[in-house]
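Trainee: Could you walk me through this one? I'd like to quiz you piece by piece.

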Amino acid sequence: MNKAIEAVNGYKIPQVGFGVYKIKNGKEFEMAIHEAIRVGYRHFDTAKIYGNEEELGRELQNSGIPREQFFITSKVWTTDLGYEATKKAFEQTCKKLNVTYLDMYLIHFAGPHYLEAWKAMEELYSEGKIKVIGVANFEIHHLENVMKHSRIQPMINQIETHPEFPQNKLHEYLARHRILHEAWGPLGQGNKALLDRPELTEIAFHHNKSVAQVILRWHLQSFYFVRKGEVVK
Ligand SMILES: NC(=O)c1ccc[n+]([C@@H]2O[C@H](COP(=O)([O-])OP(=O)(O)OC[C@H]3O[C@@H](n4cnc5c(N)ncnc54)[C@H](OP(=O)(O)O)[C@@H]3O)[C@@H](O)[C@H]2O)c1
């Protein structure tokens, strides 16, 4: 589960993360994080808009596991895009999570002022406050625009990806530019049409696994990256 993928700068990212979108705060949240840590997750994905950064920070701290052993991602929300606003949002996020740095910080959507937000992210990265800087839900033209106007290119793009929506074209582009492809909604957000697909149920039956396990294996095996101009699986 914690096999690491390296970002272009060599920083290690545990390949499988635990997303906390829509987990209800309170006892349910506490139990979910406790169980995730118990079974071995160390990579956690939150965002300002999820409204649970404070709870996540508290649960990670209560685990007694040193901060450096966790990989924590958060995201800057659309209303906080802009140079000053993004710096302020980052400080608030760190305060809520009770951390001095983030392993990964992403622009959640390419809303107005995302270029100014990227400038703030570059500076926070140079100061060592963010280890991996990236974006989410960016299309090729957004990425091209960032790369044209910036010093550091995005290291990762977190995008909706599952077997019915593999994002092949965008994936090829990301691989060519050494930008990691991270899946959100890897199980199609629990969509029954995907989880009941006959091809997937057949594979699951033959391997004595659940359809969710088969889909997660597909994600893990789809990972590839470009080295020296060659796509390597
Ligand atoms: N950057 C972005 O814009 C963005 C957007 C969305 C999500 N995300 C991130 O990605 C993470 C994961 O995405 P997601 O939660 O939206 O979707 P997901 O992981 O594809 O789907 C989660 C749903 O799958 C179902 N599920 C989980 N395990 C299952 C299993 N073993 N068998 C069958 N169904 C199972 C559950 O449905 P039930 O509980 O209803 O049964 C669960 O609610 C989020 O938590 C968040 O951190 C990012």
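**Ligand, sheet and loops**

Mentor: To kick off, an oxygen atom of the ligand sits 3.4 Å from a backbone N or O atom of G188, a polar contact (a pair of N or O atoms within 3.5 Å; within protein, one must be able to donate a hydrogen and the other to accept it, and residues adjacent in sequence count only if both atoms are side-chain atoms). The protein covers 60% of the 900 Å² of accessible area that the ligand has on its own, by the Shrake-Rupley method with a 1.4 Å probe, where for residues only the protein chains shown count as cover. Keep in mind that this is a predicted model, where local features need pLDDT of at least 70 and side-chain atom pairs count only at pLDDT 80 or more, while totals for chains, interfaces and linings use all residues. Residues are numbered from 1 along each chain as its sequence is written, and side-chain values use heavy atoms, with hydrogens and water left out.

Trainee: Which residue has an N or O atom in its side chain 2.7 Å from an oxygen atom of the ligand?

Mentor: The ligand is surrounded by 20 residues, and the closest include N137, Q158 and L187; here, near means a heavy atom within 4 Å. A polar backbone atom of G19 lies 3.4 Å from a ligand oxygen. The side chain at 2.7 Å belongs to D45.

Trainee: What is the strand order of the open sheet?

Mentor: Strands here are DSSP runs (E, at least two residues), as helices are (H or I, at least four), numbered from the N terminus. Two strands pair if DSSP finds at least two bridges between them. The edge strands, β3 (18-19) and β9 (180-184), each pair on one side only. The seven strands pair in parallel, in the order β3-β4-β5-β6-β7-β8-β9.

Trainee: Which residue in β6 stands opposite T73?

Mentor: Strand β5 (residues 71-76) runs parallel to β6 (residues 102-107), with four bridges between them. Opposite T73 you'll find M104.

Trainee: What angle does the direction of helix α4 make with that of β7?

Mentor: Helix α4 (residues 114-126) packs on the sheet and touches β5, β6 and β7 (130-136), a contact being heavy atoms within 4.5 Å. Axes are lines fitted to C-alpha atoms, for helices over the stretch in contact, and angles run from 0 to 180 degrees between N-to-C directions. For this pair, that gives about 165°.

Trainee: Is H108 buried or exposed?

Mentor: H108 sits in the loop between β6 and α4. Leaving aside neighbours within four places in sequence, its contacts include A47, Y50, W77 and N137. Buried means under 20% relative accessible area, exposed over 50%, and partly exposed in between (1.4 Å probe, protein chains only). At 7% relative accessibility, H108 is buried.

Trainee: Which side chain joins that of N9 in a polar contact of 3.0 Å?

Mentor: N9 is in the loop between β1 (4-6) and β2 (12-14), and is partly exposed at 32% relative accessible area. Its side chain also reaches the backbone nitrogen of Y11 at 3.0 Å. The side-chain partner is Y125.

Trainee: What is the phi of K22?

Mentor: Most residues other than glycine have a negative phi. K22 lies in the loop between β3 and α1 (27-39) and is exposed, with a relative accessible area of 66%. Its phi is positive, near 70°.
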